[in-house]
Amino acid sequence: MAGLSVGIDLVRTRSVEEAIAEFGDRYLRRVFTDAEVAYAMSAPAPAVASARLAARFAAKEAAMKALDLGERGVGWRDIEVVRTPTGAPALALHGNAAAALQERGTPTLSVSLSHEAEYATAVVVSLHSAGKASF
């Protein structure tokens, strides 16, 4: 039987700004991939960079929920928000995240990001095919 899983998360952009102010590059390197940081920092203003990072953090949390990865030893950088050739966001899984999903079959993933004013949000949908273990 096919299955559908959904995860959602909401992040205050201010919390990302505070983490960067307190921990700087250490925070960025622990949570985001180099490509995620480069894309965020290419923004025309610091507030937009913070919003981009907050949306990516929300996507990582939403993916953990949708894919039930909380107890699988998955690190923040194991889940990466990438941009497709059209500019749309997509998820790339690495390390423990990729291994955990491969054990259960590889689902089709979709991610949607949004940010407005002081909040960023993400929704991740996972569709797994018939015959695969459910999440």
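# Group meeting: a walk through one predicted chain

The face of helix H1 turned away from its buried side carries two exposed residues, Ala21 and Glu22. I start there to show how one helix can have two sides. Please keep in mind that this is a predicted model.

Now the other side of H1. The helix runs over residues 13-23, and Thr13, Val16 and Ala19 are buried in it. Seen down the axis, the buried residues of H1 fall within an arc of 120°, so they line one face of the helix. What covers them? The cover includes strand S1 (3-12), helix H2 (25-31), helix H4 (46-66) and strand S5 (119-128). After H1 comes Gly24, with a positive phi near 60°.

Helix H3, residues 34-41, can be read in a similar way. Its buried residues are Glu36, Val37 and Ala40. Around the axis they cover an arc of only 95°, which puts them on the same side of H3. Their packing partners are H2, H4 and S2.

Let me step back to the whole chain. How many helices and strands does the protein chain have? There are 5 helices and 5 strands. In sequence order the pattern is β-α-α-α-α-β-β-α-β-β. The radius of gyration is 15 Å, close to the 14 Å that the globule rule gives for 135 residues, so the chain is as compact as a globular protein of that length. Along its principal axes, the C-alpha trace spans about 45 × 25 × 25 Å.

A few totals for the protein chain. Of its 135 residues, 40% count as buried. Take the contacts with a separation of 6 or more: residues 24 or more positions apart account for 60% of them. The chain exposes about 7300 Å², and carbon and sulfur atoms supply 53% of that area.

Next, backbone angles. Most residues other than glycine have a negative phi. Two residues here go the other way. Asp68 is not a glycine, yet it has a positive phi of about 55°. You will find Asp68 in the loop between H4 and strand S2 (79-83). Its relative accessibility is 43%, and since buried means under 20% and exposed means over 50%, Asp68 counts as partly exposed.

The other residue is Ala117, again not a glycine, with a positive phi near 55°. Ala117 is in the loop between strand S4 (108-116) and S5. Is Ala117 buried or exposed? At 69% relative accessibility, Ala117 counts as exposed.

Now the aromatic rings. A pair of rings is described by the distance of the centres and the angle of the planes. The count here comes to 2 aromatic pairs. In one of them, the rings of Tyr27 and Phe32 have their centres 5.9 Å apart and their planes at 80°, so this pair is edge-to-face. Tyr27 is buried, at a relative accessible area of 14%. Phe32 is also buried, at 0% relative accessibility.

Phe57 and Trp76 form a tilted pair, with 4.8 Å from centre to centre and 35° between the planes. This pair links distant parts of the chain: Phe57 is in helix H4, Trp76 is in the loop between H4 and S2, and the two are 19 residues apart. Phe57 counts as buried, at 17% relative accessibility. Trp76 is partly exposed, with a relative accessible area of 22%. To see why the two labels differ, recall that buried means under 20%: the 17% of Phe57 is under that cut-off, while the 22% of Trp76 is not.

One further ring to look at is that of Tyr39. The charged end of Arg52 sits over this ring, 4.1 Å from its centre.

My last stop is Ala100, in helix H5 (residues 95-103). Ala100 is buried, with a relative accessible area of 2%. What does Ala100 touch, not counting residues up to four places away in sequence? It touches Leu69 and Arg72. Finally, back to Glu22, one of the exposed residues of H1 that I began with. Ala100 and Glu22 are 78 residues apart in sequence and 33 Å apart in space, C-alpha to C-alpha.

Definitions and conventions: Residues numbered from 1 in each chain as written. Predicted model: local features only at pLDDT ≥ 70, side-chain atom pairs only at ≥ 80, totals over all residues. Heavy atoms only, no water. Buried < 20%, exposed > 50% of the residue type's maximum accessible area, 1.4 Å probe, protein only. Helix = DSSP H or I, 4+ residues; strand = E, 2+ residues; numbered from the N terminus. Arc of directions from axis to C-beta. Contact = heavy atoms within 4.5 Å. Phe/Tyr/Trp six-rings, centres within 6.5 Å; stacked < 30°, edge-to-face > 60°. Lys NZ or Arg CZ within 6 Å of the ring centre and 35° of its normal. Rg over C-alpha atoms; globule rule 2.2 N^0.38 Å. Areas by Shrake-Rupley, 256 points an atom, 1.4 Å probe, with all protein chains shown as cover.
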